[in-house]
Amino acid sequence: MIVYSFAWRKKGHSPCNIRLAEGAKRIIEAQDEPVLVFAQRTTALVLKELSVECQIVPKRSSYEGSEVLTRQPAEVFKENGITEVIPVAQPFLQLTKCIQLVHKEGFRTPSFFKLVSLIGWIGFDRESVQPWTRGLFRLVFYTARQILFSYKPPPELSE
């Protein structure tokens, strides 16, 4: 499992990351076998508070997008013979991208619709440092900039 973050606050937990961690915990508890969990730092902190063991993906010096977060655990998954990865991300736009990134690394995932039903509503955070996570239209605009212009936010907007 890879648990992505969404909406970073410099102080305290974003309600979005709390909901992502809670969704991840529900999914883990429903599995028949142990789950190897990697999480971005903000969701990892919440997971640990929820008594969920996880590996924290280390911070890089530049802006860290979903690509970096997917690539690092993929190496460990391959070494351990894991063939299916459960991405846990904001269902609106981010989850689709994360599923594609996991597939690109050669892993299977549950279907988008199954993941959405398992993860639940994540929402947005008006107090987030990252403007694109504050609302629906901001996220759509950010996504369009990424797709059309390969936009990467400045490093200070990375958790």
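## A buried aspartate

Let's start with D125, which is found in the loop that runs between α5 (112–119) and α6 (136–149). The model shown here is predicted. With a relative accessibility of 3%, D125 counts as buried, because the cut-off for that label is under 20%.

What does the side chain of D125 make polar contacts with? One partner is the side chain of R9, at 2.7 Å. Another polar contact, of 2.9 Å, joins D125 to the side chain of S14. R9 and D125 also belong, together with E127, to a network of salt bridges. Once neighbours within four places in sequence are set aside, the residues in contact with D125 are A7, R9, S14, P15, C16, T133 and R134.

## The nonpolar core

Next, the interior. The largest nonpolar core holds 40 residues, and M1, V3, L47, V88 and I119 are those with the most contacts inside it. At least two residues of this core come from each of β1 (2–3), α1 (15–29), β2 (38–39), α2 (41–49), α3 (66–79), α4 (94–104), α5 and α6. Which element gives the largest share of this core? That is α1, with six residues.

M1 is a good residue to click on here. Leaving out neighbours within four places in sequence, M1 is in contact with A24, I27, I28, V35, L36, V37, F38, F77, V85, I86 and V88.

## A nonpolar patch outside

On the surface, you will find a nonpolar patch formed by F92, L93, L136, F137 and V140, and together these residues have about 450 Å² of accessible area. One of them, L136, is found in helix α6. L136 has a relative accessible area of 36%, so this residue is partly exposed.

## Salt bridges between distant parts

How many salt bridges are there? The count comes to six. Among them is the one between K97 and E67, whose closest N and O atoms are 3.0 Å apart. This pair links distant parts of the chain, as K97 is in helix α4 and E67 is in helix α3, 30 residues apart. K97 is partly exposed, with a relative accessible area of 22%, and E67 is partly exposed too, at 23%.

E105 and K78 meet through their side chains in a salt bridge of 3.4 Å, N to O. Here E105 is in the loop between α4 and α5, while K78 is in helix α3, and the two are 27 residues apart. E105 counts as partly exposed at 21% relative accessibility; K78 does so at 48%.

A further salt bridge is formed by R108 and E84, with 3.5 Å between the closest N and O atoms. R108 lies in the loop between α4 and α5 and E84 in the loop between α3 and β4, so this pair ties together parts that are 24 residues apart in sequence. E84 is partly exposed, with a relative accessible area of 36%.

## T83 and its surroundings

Finally, have a look at T83, placed in the loop between α3 and β4 (87–88). Is T83 buried or partly exposed? T83 counts as partly exposed, because its relative accessibility is 46% and that label covers values from 20% to 50%. Not counting residues up to four places away in sequence, T83 touches F107 and R108.

For a sense of distance, take T83 and L47: they are 36 residues apart in sequence, and their C-alpha atoms are 23 Å apart in space.

How values were computed: Residues are numbered from 1 along each chain as its sequence is written. This is a predicted model: local features need pLDDT of at least 70, side-chain atom pairs count only at pLDDT 80 or more; totals for chains, interfaces and linings use all residues. Side-chain values use heavy atoms; hydrogens and water are left out. Helices (H or I, at least four residues) and strands (E, at least two) are DSSP runs, numbered from the N terminus. Buried means under 20% relative accessible area, exposed over 50%, partly exposed in between (1.4 Å probe, protein chains only). A polar contact is a pair of N or O atoms within 3.5 Å; within protein, one must be able to donate a hydrogen and the other to accept it, and residues adjacent in sequence count only if both atoms are side-chain atoms. Contact means heavy atoms within 4.5 Å. A nonpolar core is a set of buried Ala, Val, Leu, Ile, Met, Phe, Trp, Tyr and Cys residues joined through side-chain atoms within 4.5 Å. Patches are made of residues with over 30% relative accessible area and no salt bridge: like charges are joined within 9 Å, nonpolar side chains (Val, Leu, Ile, Met, Phe, Trp, Tyr) within 5 Å. Accessible areas come from the Shrake-Rupley method with a 1.4 Å probe; for residues, only the protein chains shown count as cover. A salt bridge is a side-chain nitrogen of Lys or Arg within 4 Å of a carboxyl oxygen of Asp or Glu.
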